[in-house]
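I opened this notebook to keep track of what I looked up, entry by entry, for someone who has not met this structure before.

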Amino acid sequence: MAVYPEIASMHQDMVVWRRDIHAHPETAFEEFRTSEMVARLLENWGIEVTRGLAGTGVVGTLRQGTGPAIGLRADMDALHGHEATGAAYQSVHVGKMHACGHDGHTAMLLGAARYLAASRKFRGTVHFIFQPAEENEGGGRRMVEEGLFERFPMASVYGMHNWPGAPEGVFGVRSGPVMASFDVFEAVVIGRGAHGAMPHLSIDPVLIASRMVCAWQGVVARTVDPLDSAVVSVTQFHAGDTWNVIPERAMLRGTVRSFRPEVRDHLEQTLRRMAEGICVGAGASLEWCYDRRYPATVNHEKESAIAAQAAARVVGAENVDRNIPASMGSEDFAFMLNQRPGCYIRLGNGPGRDGCMLHNPGYDFNDNILSTGASYWAALVEGELSLS
């Protein structure tokens, strides 16, 4: 089987939906226009719609006889950033853009919903989950906390993400950890300010914070098992306001990534212990904040095999990589996978515009893969909820 002909026939409609969403990006928990568009289309196709989960979330429910229920999830939110694609459908909202392809994810799931509502070649229930606020703000967690799986019982749940750099239309999947956990930290060093010409009168927070940055770079290299994967990145350093004043405070911010809970615990404890030790040794004090945002995204073995089989029915087994490397990026679909078995699969987006990757001002979703992604969803439902 290749791309479903019924889905291929609606390809241009998916392009229109995708580019409309792209031109009107909405960031976390502000996806009002997007969610209304999604809900209206689902209702037009006779799908039962529930609005308001996690504020702007939408769940469409399609029932066909008696049988198990599964969930299919797409994210809807955009990112803060200035688009530089120059596309005719470029963002009309300055400072916001779809730099991660959630516009394409939404359009693909809409295409699958339209096909399944018309064909009904399955027995059971499909919940189409359109999630807000995947980027940084944990919309998936909020949907779970507000009763996603209690209100919409389902045996399994599936997600999909486009992947620039992977060949167009090629799927990638793996069982086990596929995306890392996502933590953030803020460390404020409080020293003693002084004239820049009289550093001996200061407790210099800039120097102390610099020591912390250098020390932290050894945490992964020298305290984490080389067979584990982890990342510690300091991404912000803020201190001082002028040339000739040693400031009183310096602030560091950054992110921490890992796959195993034990490594995650170790990193949090070690970073803080090292920071406190450096500050005490220099006579400074420390204000510390560590926030665990998303857990690792861990695919279940059975559902990963099911997802790979569905992808193979669309693009052929030779175009499904069943052992892709895990990514140190993160994904709040992890919260759903913590509650129900499922799988998060990647769909190759091709090289992208000038090689642009995700979260890049020049990134754009590849419309050529819309029918492929929608057909995968259809094949997954018809395989999981088979009529036979």
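The entries below go through a pocket, a helix, the backbone and the cysteines.

**Entry 1, the model.** I note before anything else that this is a predicted model, and I read every value below with that in mind.

**Entry 2, the pocket.** I asked what volume the largest pocket has, and I found a value of about 540 Å³. Its lining is made up of 26 residues, and those that lie nearest the centre are Glu-135, Asn-136, Arg-257, Ser-330 and His-359. When I sorted the lining residues by character, I got 10 nonpolar, 10 polar and six charged. I then looked for the strands behind this lining, and wrote down that β7 (156-163), β10 (182-190), β12 (230-239), β14 (249-258) and β15 (285-294) each contribute at least two residues. Which strand gives the most to the lining? I found that β14 does, with four residues.

**Entry 3, a helix.** I followed helix α11, which runs over residues 370-384 and so counts 15 residues, from its first C-alpha to its last, and the span came to 21 Å, close to the 21 Å expected at 1.5 Å a residue. I also checked how covered α11 is, and 13 of its 15 residues turned out to be buried.

**Entry 4, the backbone.** I reminded myself that most residues other than glycine have a negative phi. Against that background I looked at Phe-29, which is not a glycine and yet has a positive phi of about 65°. Phe-29 sits in the loop between α2 (11-23) and α3 (32-44), and with a relative accessible area of 23% it is partly exposed. I made a similar note for Arg-120, another residue that is not glycine, whose phi is positive and near 55°. The loop that holds Arg-120 lies between α4 (102-119) and β6 (124-131), and at 28% relative accessibility Arg-120 counts as partly exposed.

**Entry 5, the cysteines.** How many disulfides does a search of the whole structure find? I found zero. For Cys-214, which is in no disulfide, the nearest cysteine sulfur is that of Cys-279, 14 Å away, whereas a disulfide needs the two sulfur atoms within 2.5 Å. Cys-214 counts as exposed because its relative accessibility is 58%, and the cut-off is over 50%. Cys-289 is in no disulfide either, and the nearest cysteine sulfur to it, again that of Cys-279, is 15 Å away. I recorded Cys-289 as partly exposed, with a relative accessible area of 46%.

Note on methods. Residues are numbered from 1 along each chain as its sequence is written. This is a predicted model: local features need pLDDT of at least 70, side-chain atom pairs count only at pLDDT 80 or more; totals for chains, interfaces and linings use all residues. Side-chain values use heavy atoms; hydrogens and water are left out. Buried means under 20% relative accessible area, exposed over 50%, partly exposed in between (1.4 Å probe, protein chains only). On a 1 Å grid over the protein atoms alone, a cavity is a set of points where a 1.4 Å probe fits but cannot get out, and a pocket is an open set with protein on both sides within 12 Å along at least five of seven lines; lining residues have an atom within 4 Å of a point. Grid points are joined across faces, edges and corners, and a volume is the space filled by probe spheres set on the points. Ala, Val, Leu, Ile, Met, Phe, Trp, Tyr, Cys and Pro count as nonpolar, Asp, Glu, Lys and Arg as charged, and the others, Gly among them, as polar. The expected span of a helix is 1.5 Å times one less than its number of residues.
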